[in-house]
Amino acid sequence: MIKQKDLEEVQSELSNLNLNSEVEEGVETAISGVGIFPGLREGDYVDIRITYPNGENYVVLNRKRLCEIREERGESIYLFQMTAKEQLWYSSAQSDLKTYDGSSLTAVRYISPKQQASTVTYLPNRSVLILYSKDGNIIENEDSKQLTKQREELEQRLKEQKTKETDFEG
């Protein structure tokens, strides 16, 4: 499990990212396959969170307004406006779903429009951090060394959890 000190460091580092920067214009992005909160309506605000099989849970996108819900081929498609950086973070979370069996993405609805936004705590994978550092669509480009280190630590914990599960089953 992640230590409180580590979580505070991650939150401190990520609080400077301002993923909802009003300077950048977002583009409409479709999301499907997310465990959406029952009863979610257009105009609601949600956090998109990832939970790993070891129980660690991170905010990938914070306080996103649901612009539209569409039905396509029997599947619900949820449209959100995202900045280039948010698209990279979400892409990384989608990759994690495929990499770490038992991981899940969920949307958590804000009860009141006045609720304060959660802090983004997600640690994107190394490939996305490299893209992020080179992306000309992203206005502020922070040093990603600390994020890379913290991501490597997360991957190590997930690997250790998988080893423990394998040892227990075997």
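**Exercise 1. Work out the order of the elements along the chain, starting at the N terminus.**

Step 1: Reading from the N terminus, the elements run α-β-β-β-β-α-β-α-α. Helices (H or I, at least four residues) and strands (E, at least two) are DSSP runs, numbered from the N terminus.

Step 2: Counting them up gives 4 helices and 5 strands.

Before you go on, please note that this is a predicted model, in which local features need pLDDT of at least 70 and side-chain atom pairs count only at pLDDT 80 or more, while totals for chains, interfaces and linings use all residues. Residues are numbered from 1 along each chain as its sequence is written, and side-chain values use heavy atoms, with hydrogens and water left out.

**Exercise 2. Find the order of the strands in the sheet, and say which strands lie at its edges.**

Step 1: The 5 strands make an open sheet ordered 1-4-3-2-5, with antiparallel pairing; two strands pair if DSSP finds at least two bridges between them.

Step 2: Strand 1 (27-31) and strand 5 are the edge strands, as each pairs on one side only.

Step 3: At one edge, strand 1 and strand 4 (residues 75-82) are antiparallel over 5 bridges, and Val27 stands opposite Met82 in strand 4.

Step 4: Helix 2 (residues 84-99) packs on the sheet and touches strand 1, strand 2, strand 3, strand 4 and strand 5. Here contact means heavy atoms within 4.5 Å.

**Exercise 3. Trace the partners of strand 2.**

Step 1: Strand 2 (residues 45-51) pairs with strand 3 (residues 57-72) in the antiparallel sense over 6 bridges. Tyr45 stands opposite Arg65 in strand 3.

Step 2: These two strands form a hairpin with 5 residues between them, and Gly55 in the turn has a positive phi of about 95°.

Step 3: Strand 2 also pairs with strand 5 (residues 104-109), again antiparallel over 6 bridges. Within strand 5, Ala107 is the bridge partner of Ile48.

**Exercise 4. Describe the lining of the second largest pocket by residue and by class.**

Step 1: The lining residues are Pro53, Thr99, Tyr100, Asp101, Leu158, Lys159, Gln161, Lys162 and Glu165. On a 1 Å grid over the protein atoms alone, a pocket is an open set of points where a 1.4 Å probe fits, with protein on both sides within 12 Å along at least five of seven lines; lining residues have an atom within 4 Å of a point.

Step 2: Helix 4 (residues 145-169) supplies the largest share of this lining, 5 residues.

Step 3: Sorted by class, the lining holds 3 nonpolar, 2 polar and 4 charged residues. Ala, Val, Leu, Ile, Met, Phe, Trp, Tyr, Cys and Pro count as nonpolar, Asp, Glu, Lys and Arg as charged, and the others, Gly among them, as polar.

How values were computed:
Axes fitted to C-alpha atoms, helices over the stretch in contact; angles between N-to-C directions.
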